[in-house]
Amino acid sequence: MKIVLLESLGISGERLESYIQPLRKGGHCFETYERDGDTALQVERLKDADVLMLANMPLKKEVLEQCRQLKFIDVAFTGVDHVPVETAKEMGIAISNASGYSNESVAELVIGMTISLLRKVPAVDRKTREGGVVGSDVGCELQGKTVGIIGTGAIGRRTAELFGAFGCRVLGYDAFPKEIPGVENVPIEELLGQSDIITVHCPLMDSTRNMIDGGMFEKMKDGVIFINAARGPIVDSAALAEALHCGKVGAAGIDVYEMEPPIPAEHPLLGAPNTILTPHIAYLSRESMEKRAEIVFRNLDAWLNGEQVNKIV
């Protein structure tokens, strides 16, 4: 089998080689490349490959359609909305993802953003650098707050556990609700109306695209803290920016956008007040990259042995 890795997995060369060597000893060809968005170059690299490994680099339908030998796509990411899944189905290409690798890293960033916004860390940081002293920038504690979690899959559940450890009441909404210790499953309207903090953890699908729009923000409590470390297109960024400008949303922590960073200079959130903006790094920690590599090579080994784990298609 020819296996092609189209972008870095975020681990050391030595660690990557430890995964590749057994495959080469087993008679497989393994090629690695630096990430490049040029579709013609991607086709050239994949034209005779049996297996494609990639992380979050967008894979276009026209690339896949020209790679007729492909049999398996091993995605080193939880979401697969950057991969033409329907085209893969039509072509008989199996897809697995790396579900579970970033549960801790995403949940911890959400907690970090929330506490930073509650305690007004960005504002007091600027004030300190300008020679100021404490004034009106008095923050709030996390304990006792009501937190709404939209999407109670693995990452949402871990986020709920961490908020619960801080003494928060946790409300959950999911299209397929599950019984989770410490989480009250409620309708979305109830979650929006009662939560002091709302964090999004649902996947991007047709049903969730622009789900959090201006109407949703209107139903939230005045001054709510809003966090999105899931997928950018779930949230209408222009509506969020407007809600921040008028104070309906008190503060926001955003890690994902309609596009992969860098985001354009005219993006509405760049001029919105009381925000922490990060360049899609919630999933990215040293520990999560190690877990991810372990999962994707386990996926590959299973598929090569006639099984499939973490199956998407």
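Helix α11, residues 286–304, lies across strands β1, β2, β3, β4 and β5, in what I should state at once is a predicted model. The helix runs at about 160° to β4.

Let me turn to the sheet beneath these contacts. Its five strands form an open sheet, ordered β2-β1-β3-β4-β5, with parallel pairing. Strand β2, residues 29–32, and strand β5, residues 94–96, stand at the edges with a single partner strand each, so one side of each has no neighbour in the sheet. On average, neighbouring strands are turned by 15° against each other, direction ignored.

Consider the β5 edge in particular. Strand β4, residues 72–75, is joined to β5 by three bridges, and the two run parallel. Within this pairing, F72 stands opposite A94 of β5.

I now move to the annotated domain. UniProt, in an unreviewed entry, lists residues 111–282 as "domain: D-isomer specific 2-hydroxyacid dehydrogenase NAD-binding". Across residues 111–282, the chain is 30% helix and 18% strand, and the C-alpha atoms at the two ends are 11 Å apart.

One residue deserves a closer look: I227, which lies in strand β10, residues 224–228. Is I227 buried or exposed? Its relative accessible area is 0%, which is under the 20% limit, so I227 is buried. Leaving aside residues up to four places away in sequence, I227 touches V110, M113, T114, L117, I198, T199, V200 and G253. As for V256, that residue is 29 residues from I227 along the chain, and their C-alpha atoms are separated by 9.9 Å.

Terms used. Residues are numbered from 1 along each chain as its sequence is written. This is a predicted model: local features need pLDDT of at least 70, side-chain atom pairs count only at pLDDT 80 or more; totals for chains, interfaces and linings use all residues. Side-chain values use heavy atoms; hydrogens and water are left out. Two strands pair if DSSP finds at least two bridges between them. Helices (H or I, at least four residues) and strands (E, at least two) are DSSP runs, numbered from the N terminus. Axes are lines fitted to C-alpha atoms, for helices over the stretch in contact, and angles run from 0 to 180 degrees between N-to-C directions. Contact means heavy atoms within 4.5 Å. UniProt positions are given in the numbering used here, feature names are shortened, and annotations may be inferred rather than shown by experiment. Buried means under 20% relative accessible area, exposed over 50%, partly exposed in between (1.4 Å probe, protein chains only).
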